[in-house]
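This report introduces a structure to a reader who has not met it before. Please look over the sequence and the model before reading on.

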Amino acid sequence: MTTNSGPDTSSFSGAASSGRPVDRNKDIAILQAARQILLFEGASALTMEAVASKAGVSKATLYSRFGNRNLLIEAVLRAQSDFFVETLSPAVQNAAQTFAALEAFSLRLLQYLFSEDHLCLMKTLQGHRDIPADLRERMYELGPVATCIQVEAWLAQVHQLGLIRCPQPDFSAELLYGMLVGMDMLRTLFQQAPKRQPADVPGHVRAVVTLFLQLHQGDVAAATTP
């Protein structure tokens, strides 16, 4: 797991046994193990036995925190989504803070979308026909949909604060995603080299966020550009 594209799982834990102190290190190990198996081996390989072995914990410990396989997968997906949107603070108070929050979110999102982790996940979803339809739908809901909903909520809050003009946050959230990704996601799916290299991402993100805020309120972007 790379520090740029993956969540810090130290703040996430399952349901620990009542009355017993929670060992955060075990929670971290469990979620990291589950994430690696899901990304690189596929959903069919993600069993409670495999996760317990990879994490170096007993099955009893694993089940005490995550009651079943589906709850474990959901915890992994929620951790990833929360990792993206934790940069979006509803407490922004001015144009510079709005720009900085949106830039940080966009950078995390784009770095992940073109990371080895995400590419492996896309191959898993495309190549493994044994993923049940309900699990595939749940992965979609807790992954991209959950992230988009939280971005919509943030845009609506910043709109209410008068820092941007965003009367349709659902439309604007998808617009931002499209501006960030462009054709590169399709290039990747067709196994073509992306237009932007990793070193180009920060500059691309800043240009996109500047234009996005200009579309929603010109003086916000103007206040942040050199």
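D184 is buried, with a relative accessible area of 2%; buried means under 20% relative accessible area, exposed over 50%, and partly exposed in between, with a 1.4 Å probe and protein chains only. The model is a predicted one, in which local features need pLDDT of at least 70 and side-chain atom pairs count only at pLDDT 80 or more, while totals for chains, interfaces and linings use all residues. Residues are numbered from 1 along each chain as its sequence is written, and side-chain values use heavy atoms, with hydrogens and water left out.

**Salt bridges**

The structure holds 9 salt bridges, each being a side-chain nitrogen of Lys or Arg within 4 Å of a carboxyl oxygen of Asp or Glu. Three of them, including the one made by D184, are listed here.

| Pair | Closest N to O distance |
|---|---|
| D27 and R65 | 2.6 Å |
| E74 and R138 | 2.9 Å |
| D184 and R187 | 2.7 Å |

D184 and R187 both belong to helix α9, 3 residues apart, about one turn of the helix. Helices are DSSP runs (H or I, at least four residues), numbered from the N terminus. R187 is partly exposed, at 27% relative accessibility.

D27 lies in helix α1 and R65 in helix α3 (residues 59–65), so this pair ties together parts that are 38 residues apart in sequence. Both D27 and R65 are buried.

R138 of helix α7 and E74 of helix α4 tie together parts that are 64 residues apart in sequence. R138 is partly exposed at 29%, whereas E74 is buried at 13%.

**Helix α8**

Helix α8 covers residues 169–181, and its end C-alpha atoms are 18 Å apart, in agreement with the span of 18 Å expected for 13 residues; that expected span is 1.5 Å times one less than the number of residues. Its buried residues are P169, S172, A173, L176, M179, L180 and V181. Among the elements covering them are α5 (95–113), α7 (133–160), α9 (184–189) and α10 (201–216).

Within this helix, S172 has a relative accessible area of 5%. Beyond its neighbours within four places in sequence, S172 is in contact (heavy atoms within 4.5 Å) with L155, C166, F212 and H216. The side chains of S172 and H216 are joined by a polar contact of 2.7 Å, that is, a pair of N or O atoms within 3.5 Å, one able to donate a hydrogen and the other to accept it; residues adjacent in sequence count only if both atoms are side-chain atoms.

Note on methods: Helices (H or I, at least four residues) and strands (E, at least two) are DSSP runs, numbered from the N terminus.
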